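Thank you all for making time this morning. I would like to walk you through one structure, and I will try to keep to what can be read from the coordinates.

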Amino acid sequence: MKIRPFRLSVFALSLLIPAALCAVVLFLMIYSGQAIMFNGLHFLTDVTWNLGDMYDDPVTVHGVSVPSGAEYGILVFIVGTLVSSGLAILIAVPLSVGAAIFLSEAVPAKIRPVLSMLVELIAVVPSVVFGLWGIAVLVPFIGHHLSPTGNGYGLLAASIVLALMITPIIASTLLDALLQVPKENRESAFALGATHFEVVSKAMMPMVRATLIGGIVLALGRALGETMAVLMVSGGGGNILPTSLFSPISTIASFVAGQLDSAEADPTNMSVRALSEVALVLFLITLAVNAGAKLLASGALNVRKRQS
Amino acid sequence: MNILNKLRRTGVAALAIASLAGVTGTAKAQTVDVPLIESGSSLLYPLFNDWVAAYSADHPGADITTTSTGSGAGIAQAIKGLINIGASDAYVSDSLEAKNPTILSIPLAISSQEVNYNLPGVTNLKLSGPILAGIYEGKITQWNDPAIAAANPGVALPNHVIVPIHRLDGSGDTFIFTQYLSASDSGWASTLKYGTAVSWPAISGEIGAKGNSGMLAAAAANQYSVAYIGISYADKVASAGLGTAALLNKAGNYVLPTKDSISAAAESVANSTPADERISMIFTDAPNAYPIVNYEYAVVNSTQPASAVAEAIRAFLSWAITEGNAPSFMAKVHFLPLPAAVVALSQAQIAKIQ
């Protein structure tokens, strides 16, 4: 057999990415094993998270050594993550669809690259900058003008900051797709007497539906995992489920970042294991969202094929 | 070429200092270039930065990297041997100490904490441990609660909901604040206890903020709020227009955090500080002592991999608790120097690093 060094090396390199992913998952599963056994299903359904008293002697519960009073329930953070990301998508989708249509239809081709580059630039602004803007501008605004209690930190602030961060992701994917729509489609629609709105909504948007869903999934992935900006404006709610747009929340990622330092001082190490179980849950949520969206996108494709 | 030059320069400088040391007998020369890593408390970080700059200027060849990660990380990484000096606002707990008996907690300076409030028209608020515990437990929800009114006769307290603000990241400030609540309120001591992160009771309208800067921003943005903020932010707190509460101490007096009241607390435990120096200065007996005062610690493993490393750590730490405790370093962050008795104890601990 002929040895092909190029093919072999490329094959080996291509294995690296799935291998890294598997390594992360494996690490999380092995590292959090003890916590999974200790917590059971309560982990997902309890609202109380308590690292316990690390300055007291650890106690043994079900044969596992944990800080006294330790309780790990993450329902609050799961809800916080899903609701804030969901709201962010609700805000971001109309914004980005509007922006993409505007850029592809209403802007002269000459200045389109400049504007679309500006949109893409928002995507590379570091999240801590969004967080600072949130603290300095958004939170006081919400507190003074919207919130009945005068507190601006919470679900709404987190969702708006997230929405701003993900809008350029959706907008730029959608813009690329809209520009790829064959000229014939547009022109034949116009020739049939369609208004500009009808051209966009009936002839162009159905063509780019799969891409739009893909962009939303990408954006959702970013929103679910966003840490720093959320940590700065979310109000860090714990032990209580959000009841309104102005309730403080925590997302899974921001919660892990906030607790890790204290967990490291745990002599039994159970806190860090519990946090890696939290991370595992976030990974599974992201995976489920991605898989669900893949299904949606393929379903959307089928619909279009049947129609054509 | 560059490296050679650098080597020659440091060598010459080291020789010069060594000869100087021979003459004066005081200056310590670090002849070997041993890189040290310090990491941990974000409260100590600005001071460490100042220290390292000044120390490096005086001690050619000193090579110390400082990073700000958090007290918990400082302790954990010092135990794992990833760093040479862990900076922490809290001493190493008994159970961690039992597992790692060679870990030393060495006080470097004295810090404190303010309880700040954003109350329009009120400037001289008095608060106590039980009142603060009630606020953070959700039992005291209004500023004109009878308990607060009883502590503040003659003060027009607003009829408004209290907005308690706490740290959502692990923090030495949470540690000393909850230690004060535990020491002064038996209910808090039996349920929530103390730590760098506690399981804050669910109160609607309560805010979690990240870092002392986040606490300051949240307190400034929310009228009727109360927050605990590290003393190094005192200037920023004052310019943000926040009030600083006088706190009830063990002797029954309401005390503001001043140089005198903080050092009164430090002096009162200086002579009873044990040899391992793991002691709380929260809620001490002294009549005019401020109740939230703490040592800032260097967490160091007494067994170092090489004697040169141990020597470099000893040299830097002894400098830090003597020359590094000079007012020029302390004033910027509102820390206080260690009392003489504690310096002696710290020196004895530093000498154990081998």
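I will begin with chain A as a whole, then go on to the core, the helix packing, the strands of chain B and the contact between the chains.

Before anything else, please keep in mind that this is a predicted model, and that every value I quote is computed from it.

Let me start with the overall picture of chain A, which has 12 helices and 4 strands, and whose C-alpha atoms fill a box of roughly 80 × 75 × 35 Å when taken along the principal axes. Of the 308 residues in this chain, 42% are buried. If we take the contacts in chain A between residues at least 6 apart in sequence, then 76% of them join residues at least 24 apart.

Now to the interior. In soluble globular proteins, as a general tendency, nonpolar side chains are buried together. Here, the largest nonpolar core has 182 residues, and those with the most contacts inside it include Ala157(A), Val161(A), Ile166(A) and Leu174(A), together with Ala218(B) from the other chain. Which element gives the most to this core? That is helix H6 of chain A, residues 155-180, with 18 residues. As for Ala218(B), if we leave out residues up to four places away in sequence, it touches Tyr153(A) as well as Ile165(B), Ile207(B), Ala209(B), Ser225(B) and Ala227(B).

Staying with H6(A), I would like to look at how it packs, bearing in mind that two packed helices are described by the angle between their axes and the distance between the axes. H6(A) packs with helix H9 of chain A, residues 209-225, at an angle of about 155 degrees, with the axes 9 Å apart. Since an angle over 145 degrees counts as roughly antiparallel, these two helices, H6(A) and H9(A), are therefore roughly antiparallel to each other. Their crossing is right-handed. On the H6(A) side the residues that meet H9(A) include Leu162(A), Ile166(A), Ile169(A) and Leu174(A), while on the H9(A) side they include Leu212(A), Gly214(A), Gly215(A) and Arg222(A).

A helix pair in chain B can be described in the same terms. Helix H12 of chain B, residues 307-321, and helix H14 of chain B, residues 340-350, pack at an angle of about 175 degrees, with their axes 10 Å apart, and that makes H12(B) roughly antiparallel to H14(B). Here Arg314(B), Leu317(B), Ser318(B) and Ile321(B) in H12(B) meet Val343(B), Ser346(B), Gln347(B) and Ile350(B) in H14(B).

Let me turn to the strands of chain B, beginning with strand E8, residues 225-230, where 6 of the 6 residues are buried. Both of its faces are covered, with Ser225(B), Ala227(B) and Ile229(B) on one side and Val226(B), Tyr228(B) and Gly230(B) on the other. Strand E4 of chain B, residues 103-118, runs antiparallel to E8(B) and is joined to it by 6 bridges, and within that pairing Tyr117(B) has Val226(B) as its bridge partner. Strand E6 of chain B, residues 163-167, runs parallel to E8(B) and is joined to it by 3 bridges, with Pro164(B) standing opposite Val226(B).

E4(B) also pairs with strand E12 of chain B, in this case through 9 bridges and again in the antiparallel sense, and Leu104(B) stands opposite Val300(B) there. Is E12(B) largely enclosed or left open by the rest of the structure? In strand E12, residues 293-301, 9 of the 9 residues are buried, so it is largely enclosed. Strand E3 of chain B, residues 85-88, pairs with E12(B) in the antiparallel sense over 3 bridges, and Gly86(B) has Val299(B) as its bridge partner.

Elsewhere in chain B, 3 strands form an open sheet in the order E5-E10-E11, with mixed pairing, and its edge strands are E5(B) and E11(B), each of which pairs on one side only. E5(B) and E10(B) pair in the parallel sense over 2 bridges, and Leu127(B) stands opposite Leu247(B).

I will finish with the contact between the chains, which takes 35 residues from chain B and 35 residues from chain A. On the chain B side, helix H3, residues 71-80, is one of the elements that give two or more residues, and H3(B) gives the most, with 5 residues.

Definitions and conventions. Residues are numbered from 1 along each chain as its sequence is written. Chains are lettered from A and ligands numbered from 1 in the order in which they are written. This is a predicted model: local features need pLDDT of at least 70, side-chain atom pairs count only at pLDDT 80 or more; totals for chains, interfaces and linings use all residues. A nonpolar core is a set of buried Ala, Val, Leu, Ile, Met, Phe, Trp, Tyr and Cys residues joined through C-beta atoms within 7 Å. A residue is buried if 20 or more other C-beta atoms lie within 10 Å of its own, exposed if 12 or fewer, and partly exposed in between; C-beta atoms are placed from the backbone. Two residues are in contact if their C-beta atoms, placed from the backbone, lie within 7 Å. Two strands pair if DSSP finds at least two bridges between them. Axes are lines fitted to C-alpha atoms, for helices over the stretch in contact, and angles run from 0 to 180 degrees between N-to-C directions. Angles under 35 degrees count as roughly parallel, over 145 as roughly antiparallel, 65 to 115 as roughly perpendicular and the rest as oblique. A crossing is left-handed if the near helix is turned anticlockwise from the far one by less than a right angle, and right-handed if clockwise.
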